[in-house]
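Hello,

Here is the structure I promised to pass on to you. Have a look at it first, and my notes follow below.

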Amino acid sequence: MKIQLSKMDVIWSYIGTLMSMGANLLMLPFLMYFLDGNMLGLWYVFASIGAIATLFDMGFSVTFARNITYCWSGARELKKEDVEFVDNTEPDYRLMKQVLSTCKIIYGILGGAALLLLLTVGTAYVSYVSRDISGFTPIIAWIIYAIAAFLNLYYGYFSSFLRGVGAVDQANKNIVYARLAQIILTIILLCCGTGLIGVCAAYLVYGTVFRLLGKQHFYKYKGIGEDLNRINEKADKKQVKELFIVVWHNAWKDGLISIANYFCNQASTVICSMYLSLSEVGIYSIGVQIAQAIAQISGTLYTAYQPQLQSAYINGNKEQMKKSMSIIVMTFVYLFVLGTFMVIIVGLPILRIIKPSTVVSIPVLLGLCVYQFMLKFRNCYTSYFSCTNRVLYVGGFIVSAVLCVALSLLMIGPMHLGVWGLICAQVLSQVVYNVWKWPLKAHREMQLSAIEMIKVGTVEGFKSLKGLVPGLK
(Lines give C-alpha, C1' and ligand atoms only; values in the text may rest on other atoms or scores of the structure.)
Protein backbone atom coordinates (compact mmCIF):
# COMPACT_ATOMS: atom_id res chain seq x y z
CA MET A 1 0.00 0.00 0.00
CA LYS A 2 1.49 3.32 -1.06
CA ILE A 3 2.40 5.74 1.72
CA GLN A 4 1.88 9.45 1.06
CA LEU A 5 2.50 12.07 3.72
CA SER A 6 -0.60 14.21 4.28
CA LYS A 7 -0.95 17.76 5.58
CA MET A 8 -2.19 16.45 8.93
CA ASP A 9 0.81 14.13 9.16
CA VAL A 10 3.10 17.14 8.82
CA ILE A 11 1.07 19.25 11.27
CA TRP A 12 1.00 16.51 13.92
CA SER A 13 4.70 15.79 13.32
CA TYR A 14 5.55 19.35 14.30
CA ILE A 15 3.10 19.31 17.22
CA GLY A 16 4.50 15.99 18.40
CA THR A 17 8.10 17.12 18.12
CA LEU A 18 7.36 20.45 19.79
CA MET A 19 5.60 18.63 22.60
CA SER A 20 8.31 15.99 22.94
CA MET A 21 11.20 18.43 23.09
CA GLY A 22 9.13 21.33 24.37
CA ALA A 23 7.97 19.25 27.32
CA ASN A 24 11.51 19.16 28.66
CA LEU A 25 11.82 22.89 28.12
CA LEU A 26 8.44 23.54 29.75
CA MET A 27 9.42 21.46 32.75
CA LEU A 28 12.87 23.04 32.94
CA PRO A 29 11.79 26.17 34.89
CA PHE A 30 10.01 23.96 37.46
CA LEU A 31 12.99 21.61 37.72
CA MET A 32 15.31 24.58 38.20
CA TYR A 33 13.02 26.11 40.84
CA PHE A 34 12.17 23.01 42.92
CA LEU A 35 15.42 21.01 42.61
CA ASP A 36 18.74 22.19 43.99
CA GLY A 37 21.87 22.13 41.84
CA ASN A 38 22.89 18.62 42.87
CA MET A 39 19.49 17.06 42.25
CA LEU A 40 19.14 18.84 38.89
CA GLY A 41 22.55 17.56 37.84
CA LEU A 42 21.62 14.07 39.04
CA TRP A 43 18.45 14.13 36.91
CA TYR A 44 20.57 14.69 33.80
CA VAL A 45 22.95 11.93 34.89
CA PHE A 46 19.89 9.65 35.09
CA ALA A 47 18.92 10.60 31.56
CA SER A 48 22.41 9.89 30.24
CA ILE A 49 22.76 6.53 31.98
CA GLY A 50 19.17 5.60 31.17
CA ALA A 51 19.91 6.23 27.51
CA ILE A 52 22.17 3.17 27.71
CA ALA A 53 18.96 1.09 27.82
CA THR A 54 18.13 2.27 24.33
CA LEU A 55 21.43 0.80 23.15
CA PHE A 56 20.02 -2.64 23.93
CA ASP A 57 17.62 -2.00 21.09
CA MET A 58 20.61 -2.97 18.92
CA GLY A 59 19.02 -1.26 15.94
CA PHE A 60 16.07 -3.64 15.83
CA SER A 61 13.39 -0.94 16.14
CA VAL A 62 14.76 0.92 13.11
CA THR A 63 15.17 -2.26 11.09
CA PHE A 64 11.81 -3.74 12.08
CA ALA A 65 10.03 -0.46 11.30
CA ARG A 66 11.72 -0.35 7.90
CA ASN A 67 10.62 -3.91 7.18
CA ILE A 68 7.07 -3.18 8.36
CA THR A 69 6.99 -0.41 5.74
CA TYR A 70 8.16 -2.88 3.10
CA CYS A 71 5.42 -5.37 4.12
CA TRP A 72 2.82 -2.59 4.09
CA SER A 73 4.02 -1.43 0.67
CA GLY A 74 3.47 -4.90 -0.79
CA ALA A 75 6.81 -6.69 -0.48
CA ARG A 76 6.36 -10.48 -0.44
CA GLU A 77 9.91 -11.13 0.71
CA LEU A 78 12.37 -9.37 2.99
CA LYS A 79 16.00 -9.19 1.94
CA LYS A 80 19.24 -8.63 3.80
CA GLU A 81 20.32 -5.94 1.34
CA ASP A 82 18.17 -3.65 -0.79
CA VAL A 83 14.46 -4.47 -1.33
CA GLU A 84 12.04 -6.31 -3.56
CA PHE A 85 10.62 -3.67 -5.90
CA VAL A 86 6.82 -3.74 -6.19
CA ASP A 87 4.01 -1.86 -7.92
CA ASN A 88 1.66 -0.63 -5.16
CA THR A 89 0.28 -4.08 -4.28
CA GLU A 90 -1.68 -4.89 -1.12
CA PRO A 91 0.11 -5.47 2.21
CA ASP A 92 1.40 -8.95 3.01
CA TYR A 93 -0.21 -9.56 6.41
CA ARG A 94 1.28 -13.05 6.74
CA LEU A 95 4.79 -11.64 6.46
CA MET A 96 3.86 -8.74 8.75
CA LYS A 97 2.64 -11.17 11.40
CA GLN A 98 5.93 -13.05 11.23
CA VAL A 99 7.78 -9.76 11.73
CA LEU A 100 5.65 -8.91 14.77
CA SER A 101 6.11 -12.35 16.34
CA THR A 102 9.87 -12.19 15.89
CA CYS A 103 9.94 -8.67 17.29
CA LYS A 104 8.12 -9.61 20.51
CA ILE A 105 10.52 -12.45 21.25
CA ILE A 106 13.62 -10.36 20.63
CA TYR A 107 12.43 -7.40 22.72
CA GLY A 108 11.51 -9.62 25.65
CA ILE A 109 15.14 -10.75 25.80
CA LEU A 110 16.64 -7.30 25.21
CA GLY A 111 14.38 -5.59 27.75
CA GLY A 112 15.25 -8.04 30.50
CA ALA A 113 18.98 -7.68 29.87
CA ALA A 114 18.75 -3.87 29.92
CA LEU A 115 16.84 -3.83 33.21
CA LEU A 116 19.41 -6.12 34.83
CA LEU A 117 22.28 -3.83 33.77
CA LEU A 118 20.52 -0.66 34.96
CA LEU A 119 19.68 -2.12 38.37
CA THR A 120 23.24 -3.39 38.95
CA VAL A 121 25.92 -1.33 37.23
CA GLY A 122 23.64 1.71 36.88
CA THR A 123 22.75 1.68 40.58
CA ALA A 124 26.42 1.41 41.54
CA TYR A 125 27.33 4.44 39.39
CA VAL A 126 24.42 6.53 40.72
CA SER A 127 25.50 5.67 44.26
CA TYR A 128 29.00 6.87 43.45
CA VAL A 129 28.14 10.23 41.87
CA SER A 130 25.53 10.97 44.57
CA ARG A 131 27.75 9.94 47.48
CA ASP A 132 27.66 13.44 48.96
CA ILE A 133 23.84 13.52 49.04
CA SER A 134 22.37 12.16 52.26
CA GLY A 135 19.38 9.81 52.35
CA PHE A 136 17.99 7.24 49.91
CA THR A 137 16.29 9.68 47.53
CA PRO A 138 18.83 9.21 44.67
CA ILE A 139 18.56 5.39 44.74
CA ILE A 140 14.75 5.31 45.02
CA ALA A 141 14.43 7.81 42.18
CA TRP A 142 16.91 5.83 40.07
CA ILE A 143 15.06 2.53 40.50
CA ILE A 144 11.84 4.19 39.31
CA TYR A 145 13.71 5.69 36.35
CA ALA A 146 15.28 2.31 35.49
CA ILE A 147 11.86 0.60 35.42
CA ALA A 148 10.56 3.36 33.15
CA ALA A 149 13.55 2.92 30.80
CA PHE A 150 12.85 -0.83 30.66
CA LEU A 151 9.19 -0.34 29.74
CA ASN A 152 10.15 2.21 27.09
CA LEU A 153 12.45 -0.34 25.47
CA TYR A 154 10.13 -3.33 25.80
CA TYR A 155 7.07 -1.69 24.24
CA GLY A 156 8.71 1.11 22.27
CA TYR A 157 8.56 -0.60 18.89
CA PHE A 158 4.81 0.02 18.49
CA SER A 159 5.47 3.71 17.87
CA SER A 160 7.96 2.82 15.14
CA PHE A 161 5.43 0.40 13.64
CA LEU A 162 2.79 3.14 13.48
CA ARG A 163 5.18 5.30 11.49
CA GLY A 164 6.11 2.28 9.41
CA VAL A 165 2.56 1.87 8.09
CA GLY A 166 2.17 5.60 7.52
CA ALA A 167 0.13 6.49 10.63
CA VAL A 168 2.43 9.42 11.32
CA ASP A 169 -0.31 11.65 12.73
CA GLN A 170 -1.46 9.04 15.26
CA ALA A 171 2.10 8.31 16.38
CA ASN A 172 2.55 12.00 17.14
CA LYS A 173 -0.83 12.32 18.84
CA ASN A 174 0.31 9.61 21.24
CA ILE A 175 3.41 11.68 22.02
CA VAL A 176 1.26 14.73 22.76
CA TYR A 177 -1.11 12.88 25.10
CA ALA A 178 1.69 11.11 26.98
CA ARG A 179 3.81 14.26 27.32
CA LEU A 180 0.86 16.26 28.62
CA ALA A 181 0.37 13.60 31.28
CA GLN A 182 4.07 13.83 32.21
CA ILE A 183 4.13 17.64 32.35
CA ILE A 184 1.01 17.93 34.48
CA LEU A 185 2.08 15.17 36.85
CA THR A 186 5.64 16.53 37.15
CA ILE A 187 4.39 19.98 38.14
CA ILE A 188 1.88 18.56 40.62
CA LEU A 189 4.40 16.22 42.26
CA LEU A 190 7.09 18.91 42.46
CA CYS A 191 4.63 21.30 44.09
CA CYS A 192 3.78 18.54 46.56
CA GLY A 193 7.44 18.34 47.56
CA THR A 194 8.31 14.91 46.11
CA GLY A 195 11.46 16.26 44.45
CA LEU A 196 13.47 14.00 42.14
CA ILE A 197 11.35 10.96 43.00
CA GLY A 198 8.26 12.73 41.69
CA VAL A 199 10.03 13.71 38.47
CA CYS A 200 11.01 10.08 37.86
CA ALA A 201 7.50 8.84 38.68
CA ALA A 202 6.05 11.24 36.11
CA TYR A 203 8.54 9.95 33.55
CA LEU A 204 7.36 6.41 34.29
CA VAL A 205 3.75 7.47 33.65
CA TYR A 206 4.75 9.12 30.36
CA GLY A 207 6.41 5.97 29.05
CA THR A 208 3.56 3.71 30.11
CA VAL A 209 0.85 5.89 28.51
CA PHE A 210 2.87 6.35 25.31
CA ARG A 211 3.48 2.65 24.80
CA LEU A 212 -0.08 1.55 25.60
CA LEU A 213 -1.49 4.09 23.15
CA GLY A 214 0.98 2.95 20.49
CA LYS A 215 -0.06 -0.69 20.81
CA GLN A 216 -3.77 0.13 20.80
CA HIS A 217 -3.72 2.40 17.77
CA PHE A 218 -1.40 0.22 15.70
CA TYR A 219 -3.83 -2.69 15.72
CA LYS A 220 -6.75 -0.31 15.03
CA TYR A 221 -5.11 1.46 12.08
CA LYS A 222 -6.95 0.53 8.86
CA GLY A 223 -8.04 -2.75 10.42
CA ILE A 224 -4.51 -4.13 10.83
CA GLY A 225 -5.51 -6.08 13.93
CA GLU A 226 -8.46 -7.74 12.19
CA ASP A 227 -6.41 -8.60 9.11
CA LEU A 228 -3.63 -10.06 11.23
CA ASN A 229 -6.15 -12.15 13.21
CA ARG A 230 -7.35 -13.71 9.95
CA ILE A 231 -3.91 -15.23 9.56
CA ASN A 232 -4.36 -18.36 11.65
CA GLU A 233 -0.87 -19.74 11.30
CA LYS A 234 1.67 -18.72 13.88
CA ALA A 235 5.30 -18.11 13.14
CA ASP A 236 7.23 -21.28 14.03
CA LYS A 237 10.79 -21.43 15.32
CA LYS A 238 12.20 -21.92 11.82
CA GLN A 239 10.41 -18.84 10.44
CA VAL A 240 11.46 -16.75 13.43
CA LYS A 241 15.07 -17.87 13.00
CA GLU A 242 15.07 -17.14 9.24
CA LEU A 243 13.52 -13.71 9.75
CA PHE A 244 15.94 -12.96 12.56
CA ILE A 245 18.88 -13.72 10.24
CA VAL A 246 17.47 -11.36 7.59
CA VAL A 247 16.77 -8.58 10.09
CA TRP A 248 20.02 -9.04 11.99
CA HIS A 249 22.03 -8.37 8.82
CA ASN A 250 21.31 -4.65 9.14
CA ALA A 251 20.08 -4.51 12.75
CA TRP A 252 23.56 -4.98 14.18
CA LYS A 253 24.75 -2.11 12.00
CA ASP A 254 21.88 0.10 13.19
CA GLY A 255 22.76 -1.02 16.71
CA LEU A 256 26.37 0.08 16.33
CA ILE A 257 25.09 3.39 14.97
CA SER A 258 22.91 3.81 18.07
CA ILE A 259 25.94 3.14 20.24
CA ALA A 260 27.98 5.63 18.23
CA ASN A 261 25.23 8.25 18.55
CA TYR A 262 25.12 7.66 22.30
CA PHE A 263 28.84 8.33 22.67
CA CYS A 264 28.61 11.35 20.36
CA ASN A 265 25.63 12.80 22.26
CA GLN A 266 24.95 11.46 25.74
CA ALA A 267 28.41 10.38 26.85
CA SER A 268 29.54 13.99 27.28
CA THR A 269 27.27 14.35 30.32
CA VAL A 270 28.71 11.19 31.89
CA ILE A 271 32.27 12.42 31.18
CA CYS A 272 31.32 15.79 32.68
CA SER A 273 30.15 14.13 35.89
CA MET A 274 33.62 12.54 36.27
CA TYR A 275 35.48 15.88 36.26
CA LEU A 276 32.95 18.57 37.20
CA SER A 277 30.52 19.06 40.09
CA LEU A 278 26.88 18.00 39.75
CA SER A 279 25.88 21.68 39.64
CA GLU A 280 28.24 22.30 36.72
CA VAL A 281 26.98 19.15 35.03
CA GLY A 282 23.45 20.49 35.36
CA ILE A 283 24.35 23.80 33.67
CA TYR A 284 26.15 22.03 30.81
CA SER A 285 23.27 19.57 30.38
CA ILE A 286 20.74 22.41 30.13
CA GLY A 287 22.74 23.79 27.19
CA VAL A 288 22.88 20.36 25.56
CA GLN A 289 19.14 19.92 26.08
CA ILE A 290 18.34 23.28 24.48
CA ALA A 291 20.61 22.61 21.47
CA GLN A 292 19.14 19.12 21.02
CA ALA A 293 15.63 20.56 21.21
CA ILE A 294 16.40 23.05 18.44
CA ALA A 295 17.86 20.26 16.27
CA GLN A 296 15.00 17.87 16.99
CA ILE A 297 12.28 20.40 16.21
CA SER A 298 14.09 21.64 13.10
CA GLY A 299 14.50 18.07 11.85
CA THR A 300 10.86 17.07 12.30
CA LEU A 301 10.37 16.36 8.60
CA TYR A 302 13.41 14.06 8.70
CA THR A 303 11.39 11.66 10.85
CA ALA A 304 8.01 12.32 9.26
CA TYR A 305 9.22 11.65 5.71
CA GLN A 306 10.94 8.32 6.45
CA PRO A 307 7.96 6.08 5.48
CA GLN A 308 7.32 8.13 2.33
CA LEU A 309 10.99 7.94 1.34
CA GLN A 310 10.99 4.17 1.80
CA SER A 311 7.71 3.78 -0.09
CA ALA A 312 9.00 5.97 -2.95
CA TYR A 313 12.17 3.90 -3.19
CA ILE A 314 10.43 0.52 -3.20
CA ASN A 315 8.09 1.83 -5.93
CA GLY A 316 10.99 3.27 -7.98
CA ASN A 317 9.81 6.90 -7.76
CA LYS A 318 13.15 8.76 -8.02
CA GLU A 319 11.64 12.21 -8.49
CA GLN A 320 9.62 11.85 -5.29
CA MET A 321 12.78 10.89 -3.41
CA LYS A 322 14.62 13.96 -4.73
CA LYS A 323 11.74 16.22 -3.76
CA SER A 324 11.41 14.68 -0.29
CA MET A 325 15.14 14.93 0.42
CA SER A 326 15.21 18.57 -0.72
CA ILE A 327 12.35 19.47 1.61
CA ILE A 328 13.91 17.59 4.54
CA VAL A 329 17.34 19.21 4.26
CA MET A 330 16.35 22.79 3.48
CA THR A 331 13.53 22.94 6.02
CA PHE A 332 15.98 21.70 8.66
CA VAL A 333 18.57 24.36 7.79
CA TYR A 334 16.10 27.27 7.82
CA LEU A 335 14.36 26.20 11.02
CA PHE A 336 17.61 25.53 12.88
CA VAL A 337 18.94 29.02 12.19
CA LEU A 338 15.60 30.57 13.20
CA GLY A 339 15.32 28.40 16.32
CA THR A 340 18.81 29.26 17.53
CA PHE A 341 18.14 32.97 17.08
CA MET A 342 14.84 32.79 18.99
CA VAL A 343 16.36 30.87 21.91
CA ILE A 344 19.14 33.42 22.31
CA ILE A 345 16.82 36.42 22.02
CA VAL A 346 13.86 35.07 24.01
CA GLY A 347 14.62 31.76 25.73
CA LEU A 348 17.81 32.48 27.66
CA PRO A 349 16.58 35.81 29.12
CA ILE A 350 13.51 34.02 30.50
CA LEU A 351 15.66 31.31 32.13
CA ARG A 352 17.94 33.96 33.64
CA ILE A 353 14.96 35.55 35.35
CA ILE A 354 14.01 32.20 36.92
CA LYS A 355 17.47 31.18 38.10
CA PRO A 356 20.48 33.17 36.81
CA SER A 357 23.09 30.85 38.34
CA THR A 358 22.04 27.81 36.28
CA VAL A 359 21.87 29.29 32.76
CA VAL A 360 24.44 28.39 30.12
CA SER A 361 26.34 31.25 28.44
CA ILE A 362 25.54 32.32 24.87
CA PRO A 363 28.98 31.37 23.42
CA VAL A 364 28.76 27.87 24.94
CA LEU A 365 25.19 27.46 23.68
CA LEU A 366 26.25 28.50 20.16
CA GLY A 367 29.07 25.96 20.28
CA LEU A 368 26.65 23.22 21.31
CA CYS A 369 24.22 24.31 18.57
CA VAL A 370 26.92 24.06 15.92
CA TYR A 371 27.60 20.48 17.00
CA GLN A 372 23.94 19.47 17.08
CA PHE A 373 23.44 21.04 13.64
CA MET A 374 26.25 18.89 12.26
CA LEU A 375 24.77 15.70 13.73
CA LYS A 376 21.26 16.28 12.39
CA PHE A 377 22.47 17.56 9.01
CA ARG A 378 24.50 14.38 8.65
CA ASN A 379 21.48 12.28 9.60
CA CYS A 380 19.30 13.94 6.97
CA TYR A 381 21.52 12.37 4.34
CA THR A 382 22.17 9.01 5.96
CA SER A 383 18.37 8.59 6.03
CA TYR A 384 18.54 8.29 2.24
CA PHE A 385 20.81 5.24 2.50
CA SER A 386 18.80 3.62 5.31
CA CYS A 387 15.63 3.98 3.24
CA THR A 388 17.32 1.90 0.54
CA ASN A 389 18.13 -0.78 3.16
CA ARG A 390 21.85 0.03 3.01
CA VAL A 391 23.65 0.96 6.21
CA LEU A 392 26.89 2.09 4.59
CA TYR A 393 27.86 4.64 7.21
CA VAL A 394 28.33 2.41 10.25
CA GLY A 395 32.16 2.45 10.05
CA GLY A 396 32.35 6.23 9.83
CA PHE A 397 29.99 6.65 12.79
CA ILE A 398 31.97 4.26 14.99
CA VAL A 399 35.31 5.93 14.21
CA SER A 400 33.83 9.36 14.97
CA ALA A 401 32.39 8.09 18.26
CA VAL A 402 35.74 6.69 19.40
CA LEU A 403 37.46 9.90 18.36
CA CYS A 404 34.83 11.98 20.16
CA VAL A 405 35.25 10.16 23.49
CA ALA A 406 39.05 10.06 23.26
CA LEU A 407 39.33 13.78 22.48
CA SER A 408 36.74 14.65 25.16
CA LEU A 409 38.66 12.77 27.87
CA LEU A 410 41.91 14.36 26.69
CA MET A 411 40.61 17.92 26.54
CA ILE A 412 38.58 17.95 29.75
CA GLY A 413 41.14 15.86 31.65
CA PRO A 414 44.89 16.44 31.04
CA MET A 415 44.34 19.62 28.98
CA HIS A 416 41.83 21.08 31.52
CA LEU A 417 39.75 22.85 28.87
CA GLY A 418 36.47 22.18 30.66
CA VAL A 419 33.21 22.50 28.74
CA TRP A 420 34.92 24.04 25.70
CA GLY A 421 37.13 20.98 25.51
CA LEU A 422 34.04 18.80 25.18
CA ILE A 423 32.56 21.03 22.48
CA CYS A 424 35.77 21.15 20.43
CA ALA A 425 36.22 17.38 20.72
CA GLN A 426 32.68 16.74 19.50
CA VAL A 427 32.91 19.13 16.55
CA LEU A 428 36.30 17.80 15.41
CA SER A 429 35.07 14.20 15.53
CA GLN A 430 32.41 14.96 12.90
CA VAL A 431 34.33 17.44 10.72
CA VAL A 432 36.97 14.90 9.77
CA TYR A 433 34.55 12.68 7.82
CA ASN A 434 30.82 12.23 8.41
CA VAL A 435 29.59 15.78 8.00
CA TRP A 436 30.78 15.99 4.36
CA LYS A 437 31.10 12.36 3.19
CA TRP A 438 27.44 11.28 3.24
CA PRO A 439 25.92 14.46 1.79
CA LEU A 440 28.39 14.25 -1.09
CA LYS A 441 27.68 10.56 -1.78
CA ALA A 442 23.89 10.99 -1.52
CA HIS A 443 23.89 13.92 -3.95
CA ARG A 444 25.90 11.92 -6.45
CA GLU A 445 23.67 8.86 -6.24
CA MET A 446 20.45 10.84 -6.57
CA GLN A 447 21.98 13.05 -9.27
CA LEU A 448 20.76 16.01 -7.24
CA SER A 449 22.85 19.17 -7.30
CA ALA A 450 23.11 21.42 -4.26
CA ILE A 451 21.58 24.31 -6.24
CA GLU A 452 18.62 22.15 -7.30
CA MET A 453 18.12 21.02 -3.71
CA ILE A 454 18.09 24.60 -2.45
CA LYS A 455 15.59 25.67 -5.11
CA VAL A 456 13.27 22.67 -4.78
CA GLY A 457 13.54 22.53 -0.99
CA THR A 458 12.82 26.22 -0.58
CA VAL A 459 9.91 26.35 -3.03
CA GLU A 460 8.27 23.10 -1.89
CA GLY A 461 8.92 23.88 1.75
CA PHE A 462 7.18 27.25 1.39
CA LYS A 463 4.28 25.56 -0.41
CA SER A 464 3.93 23.18 2.52
CA LEU A 465 4.06 26.13 4.92
CA LYS A 466 1.28 27.89 3.00
CA GLY A 467 -0.79 24.74 3.24
CA LEU A 468 -0.24 24.52 6.99
CA VAL A 469 -0.84 28.20 7.81
CA PRO A 470 -4.24 29.47 6.61
CA GLY A 471 -4.16 32.87 4.93
CA LEU A 472 -0.41 32.78 4.17
CA LYS A 473 0.26 33.85 0.56
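Leu 365 is a good place to begin: beyond its neighbours within four places in sequence, Leu 365 is in contact with Gly 287, Ile 290, Ala 291, Val 343, Ile 344, Leu 348 and Val 360. Before going further, please keep in mind that this is a predicted model.

Leu 365 belongs to helix H16. With a relative accessibility of 1%, below the 20% limit, Leu 365 counts as buried. To give you a sense of distance, the C-alpha atoms of Leu 365 and His 249 lie 39 Å apart in space, and 116 residues separate the two in sequence.

Two other residues of H16 are worth a visit. Gln 372 is also placed in H16, and its relative accessible area of 7% makes Gln 372 buried. What does Gln 372 touch, if residues up to four places away in sequence are not counted? The list is Asn 265, Ala 291, Gln 292, Ala 295 and Phe 336. Ala 291 is thus a contact of Gln 372 and a contact of Leu 365 as well.

Further along is Thr 382, again in H16, which spans residues 362-387. Thr 382 is buried too, at a relative accessible area of 4%. A polar atom of the Thr 382 side chain lies 3.2 Å from the backbone oxygen of Asn 379. Leaving aside neighbours within four places in sequence, Thr 382 is in contact with Tyr 393, Phe 397 and Trp 438.

Now to how the helices pack. Two packed helices are described by the angle between their axes and the distance between the axes.

H16 has a partner in helix H15, residues 318-354: the two pack at an angle of about 165°, and their axes are 11 Å apart. That angle is over 145 degrees, so H15 is roughly antiparallel to H16. The crossing of H15 past H16 is right-handed. On the H15 side, the residues that meet H16 are Met 321, Met 325, Ile 328, Val 329, Phe 332, Val 333, Phe 336, Thr 340, Val 343, Ile 344, Leu 348 and Arg 352. On the H16 side they are Ile 362, Leu 365, Leu 366, Cys 369, Gln 372, Phe 373, Lys 376, Phe 377, Cys 380, Tyr 381, Ser 383 and Tyr 384. Sorted by class, this contact has 19 nonpolar, 3 polar and 2 charged residues. You will recognise Leu 365 and Gln 372 from above among the H16 residues.

Helices H11 (residues 267-275) and H12 (residues 278-298) pack with their axes 9 Å apart, at an angle of about 160°. H11 and H12 are therefore roughly antiparallel to each other. H11 passes H12 in a crossing that is right-handed. Ser 268, Thr 269, Cys 272 and Ser 273 of H11 make the contact with Val 281, Tyr 284 and Ser 285 of H12. How do the residues of this contact divide by class? There are 3 nonpolar and 4 polar residues, and no charged ones.

Another pair is helix H2 (residues 37-55) with helix H5 (residues 137-155), which pack at an angle of about 35°, their axes being 10 Å apart. H2 and H5 also have a right-handed crossing. From H2, the contact takes in Met 39, Leu 42, Trp 43, Phe 46, Ala 47, Ile 49, Gly 50 and Ala 53. From H5, the contact takes in Thr 137, Pro 138, Ala 141, Trp 142, Tyr 145, Ala 149 and Leu 153. These residues divide into 13 nonpolar, 2 polar and no charged.

Finally, a few places elsewhere. Asp 227 lies in helix H9, residues 224-229, and counts as buried at 19% relative accessibility. Apart from residues up to four places away in sequence, Asp 227 touches Tyr 93 and Lys 222. Asp 227 is 42 Å from Gln 372, C-alpha to C-alpha, and 145 residues away in sequence.

Is Lys 222 buried or exposed? Lys 222 is exposed, with a relative accessible area of 52%. Lys 222 sits in the loop between helix H8 (195-220) and H9, and has a positive phi, near 45°, in a residue other than glycine.

Gln 447 likewise has a positive phi, about 55°, without being a glycine. Gln 447 is in the loop between helix H19 (434-446) and helix H20 (450-468), and at 64% relative accessibility Gln 447 counts as exposed.

Enjoy exploring,
A colleague

Terms used
Residues numbered from 1 in each chain as written. Predicted model: local features only at pLDDT ≥ 70, side-chain atom pairs only at ≥ 80, totals over all residues. Heavy atoms only, no water. Axes fitted to C-alpha atoms, helices over the stretch in contact; angles between N-to-C directions. Helix = DSSP H or I, 4+ residues; strand = E, 2+ residues; numbered from the N terminus. Parallel < 35°, antiparallel > 145°, perpendicular 65-115°, else oblique. Left-handed = near helix turned anticlockwise from the far one by under 90°. Contact = heavy atoms within 4.5 Å. Nonpolar A, V, L, I, M, F, W, Y, C, P; charged D, E, K, R; others polar. Buried < 20%, exposed > 50% of the residue type's maximum accessible area, 1.4 Å probe, protein only. Polar contact = N/O pair within 3.5 Å; in protein donor to acceptor, adjacent residues only side chain to side chain.
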